[in-house]
Amino acid sequence: MAGYPPDTLVRVRPFDHRPEGDTVIIGDVERQVFLSIPAEGLDLLQSLAAGNSVGEAVRQYEQKYSETPDITDFLDALGDEGFIEVDDAATTPTPAAPAPAPASRPRRSWSLNWLSPTVARRMVSLPVLLLCVLIIAGGVYLAADDPDLLPTPGETLLFPIHFAALTWATFILTLVGVAIHEAAHMVAARAAGVPSRLVIGNQMYILVVQTDMSTIWMAPKRQRFVAFIAGTLVDGVLASSFVVALWAGRHGYLQLPEWGALLLTALLFTYLVRIIWQTFLFLRTDGYYIVATALGCRNLMSDTEDYLRNLVARMVRRTPRVDQSGLPRREMRVVRWYALAWVGGRLMALVTLIFVGIPLLWGFIYQFLLFVSGQDSMMGSLDFVTIAVISFLLDGGGLLLWGRSLLQGARERRRRHDVRSAREQARAGTPSTATPTAVEPSGR
């Protein structure tokens, strides 16, 4: 029991918990911090919360399980995440990280707390979900029947008429679509009785609107699936409705003005890009959370990135950077397979950039070159101002938030590395067993 003498008293912050197979998810809802601990670890934590000393908690554990727990690693991990504090009157334990501050709240956020959970459950009931799937299947069928109605990446947003007006309309309606996507997540979270809020954030260098519903980890697995997939389902339904309208217009069932067809095609393009984005499993997208939930891994992204870093380190004959010996064998197998999806996602993003992003960018650049050289161009000065303003809002804001998140991440990694090094020096040669692992926040 090196580091925590038997008479050590531990103050435990209030926490909620939910069994999950052979583990238990514990959560400090106020600070939005969640951990996955071994099921038997809950007995230790509850014993300590009842006021028992470390020695008494270990004795009770030994009586129940006929084995001695690795209490030092267990308490160190809980202390790192702010779930416990050691009584100052007790002997000082192994160096521990300062407790993380409560989760910072953005200056402005939005919620659906006014929505009744009963109404929310009806909105995401099984019949509604099945209807969404049928609508999406219909859209896919019509798109396969007439592939020419699908948008072309290099031309779709280069409107031949009313460029500035249609660009602003596409931009504004796309933002409305994003709000609807996130509202679907919030409704599903509300149906699960979980608080959520809409915030502005970033995914790498791209500015995004996200639903923070980290407490969803305390909900049953089925409700988590619904909460994660709700946004993509809504995107699929709306994209399918655009396909239906365009198909009807092309086959004479609906009279669409030229500008209307151009706008619908542009909106369809933005929705398809957003749906493709959700398949980028190397980012914390809807698709990632769905896969992580299905596989029963609450920290899959970080574990996979650590595995890949260690793999590269071994290839260049260096010492692995992160000790993953404490990961359960089943989760380690999942990590190895998921590493392929992580790398594949990077390749998919590169393909999307080459065949969607670059053609679209080149189309704008080409028209700008025609304009400044005095040749015939599809755009005028107002059109280019429109592009510049929208690009500044999206790309500039995304880059600013990305830089800030990288800086905060570097500080957090440095803090944890310093604490880990101090522990290894203080407890050299002591084997470790399964310890709590952080559950990733769900910023969808």
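In the predicted model, residues 426–434 keep a pLDDT (the predictor's confidence in each residue, from 0 to 100) under 50, with 14 contacts (heavy atoms within 4.5 Å) beyond four places in sequence. Where pLDDT is low, the predicted coordinates should not be read in detail. The protein chain averages a pLDDT of 79, and 77% of its residues score at least 70. Because the model is predicted, local features need pLDDT of at least 70 and side-chain atom pairs count only at pLDDT 80 or more, whereas totals for chains, interfaces and linings use all residues. Residues are numbered from 1 along each chain as its sequence is written, and side-chain values use heavy atoms, with hydrogens and water left out.

Strand β3 (residues 23–28; strands are DSSP runs of E, at least two residues, numbered from the N terminus) has 6 of its 6 residues buried, that is, under 20% relative accessible area with a 1.4 Å probe, protein chains only. T23, I25 and G27 point one way from β3, while V24, I26 and D28 point the other way. In a regular strand the side chains alternate between the two faces of the sheet.

Strand β3 pairs (at least two DSSP bridges between two strands) with β2 (residues 16–20), antiparallel, through 5 bridges; H17 lies opposite I26. The hairpin of β2 and β3 leaves 2 residues between the strands, and G21 in the turn has a positive phi of about 65°. Strand β4 (residues 33–38) is joined to β3 by 6 bridges, also in the antiparallel sense, with P38 opposite T23. Here 4 residues separate the strands of the hairpin, and Q32 adopts a positive phi near 55°.

Conventions. Buried means under 20% relative accessible area, exposed over 50%, partly exposed in between (1.4 Å probe, protein chains only).
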